[in-house]
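Grab the model and work through a few exercises on it. Try each task by yourself before you read the solution.

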Amino acid sequence: MRVRRGAVPVLLWCLATTASIAVASLALRPVLRTAVPQDTVPVATDEERGNRDAVTQSVPALATGSPRPEPTVPSAPRPVFPPPTSAPAPRGSASAPGEQKTTATTAPARMVNGWTVTTGTDGVDVYLKSFRSDGGDAVIRIRAGVVSVVTATPRDGYSVSQAQNEPNRLAVQFVSSSGGVAYLVDCMWWQNGPHGQVTRIGS
């Protein structure tokens with residue numbers, strides 16, 4: 001192979017340039033290694049990136065410097081009060097529908113043969129009469145056929161005594177202190193009616 005004389009210098013220049021580039025590359029390789037950081041971050045694959053996103057979504061992240069959420073305390077339920085009820089009506093203030101209100105009343109007094117008659121709440125008649133004499137005064141009461149003394153007051157110079165052998169008859173006697181005169185009040189329940197009289201004994 002024949003080479004032209006004019007091309008020899010060009011070939012020599014090319015060889016010299018190539019040699020200088022190779023030497024420069026060998027000299028700069030240690031510098032380039034020092035400039036490149038050793039701790040490189042590997043590029044995650046699509047599968048690793050998906051797993052990391054799933055973990056990040058499952059664990060809530062807290063912002064740096066933000067306060068931790070305080071636990072929520074459930075509020076106590078409000079007490080439920082029963083509706084107000086009206087006070088019960090006092091007994092006897094109102095009567096039930098159809099119920100007749102009855103009150104105990106006393107019949108007015110009436111006169112029967114000089115006796116004042118009143119009817120009690122139990123429906124029994126009571127007979128009352130005052131007997132006057134010179135020896136003293138006596139008030140006699142008859143109820144349900146039983147004769148009794150309410151009061152017996154002797155006058156001056158007289159004493160009083162009474163005798164009752166049966167419930168339906170009673171005698172009150174006013175006797176003078178001299179013993180010569182006496183007044184007898186004799187009362188009885190006879191034939192379903194009151195009877196009474198005053199008798200003077202002695203001169």
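## Warm-up: surface and confidence

The protein exposes about 16900 Å², and carbon and sulfur atoms supply 58% of that area (Shrake-Rupley method, 1.4 Å probe; for residues, only the protein chains shown count as cover). This is a predicted model, so local features need pLDDT of at least 70 and side-chain atom pairs count only at pLDDT 80 or more, while totals for chains, interfaces and linings use all residues. Residues are numbered from 1 along each chain as its sequence is written, and side-chain values use heavy atoms, with hydrogens and water left out.

**Exercise 1. Find out what the mean pLDDT of the protein is and where pLDDT stays under 50.**

Step 1. pLDDT is the predictor's confidence in each residue, from 0 to 100. Its mean here is 74, and 52% of the residues reach 70 or more.

Step 2. Over residues 58-65, pLDDT stays under 50, and the model has 0 contacts beyond four places in sequence for them (contact means heavy atoms within 4.5 Å).

Step 3. Where pLDDT is low, don't read the predicted coordinates in detail.

**Exercise 2. Work out the secondary structure pattern along the sequence.**

Step 1. Count the elements: 2 helices and 9 strands. These are DSSP runs, numbered from the N terminus: helices are H or I with at least four residues, strands are E with at least two.

Step 2. Read along the sequence and you get α-α-β-β-β-β-β-β-β-β-β.

Step 3. Add burial: of the 203 residues, 15% count as buried (under 20% relative accessible area; exposed is over 50%, partly exposed in between; 1.4 Å probe, protein chains only).

**Exercise 3. Trace the strand partners of S2 and say which of its side chains are buried.**

Step 1. Start with strand S1 (residues 110-112), which pairs with S2 in the antiparallel sense over 3 bridges. Two strands pair if DSSP finds at least two bridges between them. Arg110 stands opposite Val117 in S2.

Step 2. Look at the hairpin of S1 and S2: it has 2 residues between the strands, and Asn113 takes a positive phi near 55°.

Step 3. Go on to S3, which runs antiparallel to S2 and is joined to it by 4 bridges. Here Thr116 stands opposite Leu128. The hairpin of S2 and S3 has 5 residues between the strands, with Gly123 at a positive phi near 85°.

Step 4. Check the faces of S2. Trp115, Val117 and Thr119 point to one face and are buried, whereas Thr116 and Thr118 point to the other and are not.

**Exercise 4. Classify the ring pairs Trp115/Phe131 and Tyr158/Tyr183.**

Step 1. The structure holds 3 aromatic pairs; we'll take two of them. Rings of Phe, Tyr and Trp (its six-membered ring) pair if their centres lie within 6.5 Å; planes under 30 degrees apart count as stacked, over 60 as edge-to-face and the rest as tilted.

Step 2. Trp115 and Phe131 sit 5.8 Å apart centre to centre with 70° between the planes, which makes them edge-to-face. Trp115 is in strand S2 (residues 115-119) and Phe131 in strand S3 (residues 125-132), so this pair ties together parts 16 residues apart in sequence. Both Trp115 and Phe131 are buried.

Step 3. For Tyr158 and Tyr183, the ring centres are 6.1 Å apart and the planes at 55°, so this pair is tilted. Tyr158 lies in strand S6 (residues 158-166) and Tyr183 in strand S8 (residues 181-189), so parts 25 residues apart in sequence are tied together.

Step 4. Compare the burial: Tyr158 is partly exposed at 22% relative accessibility, while Tyr183 is buried at 7%.

**Exercise 5. Which strand gives the most to the largest nonpolar core, and which strands pair with that strand?**

Step 1. A nonpolar core is a set of buried Ala, Val, Leu, Ile, Met, Phe, Trp, Tyr and Cys residues joined through side-chain atoms within 4.5 Å. The largest one has 15 residues, of which Trp115, Ile140, Val172 and Cys187 touch the most other members.

Step 2. S2, S3, strand S4 (136-143), S7 and S8 each supply at least two residues of this core. S8 gives the most, with 4 residues.

Step 3. Since 7 of the 9 residues of S8 are buried, S8 is largely enclosed by the rest of the structure.

Step 4. Now the partners. Strand S7 (residues 169-176) pairs with S8 in the antiparallel sense over 7 bridges, and Val172 stands opposite Val185 in S8. S8 also pairs with strand S9 (residues 194-202), again antiparallel, over 9 bridges.
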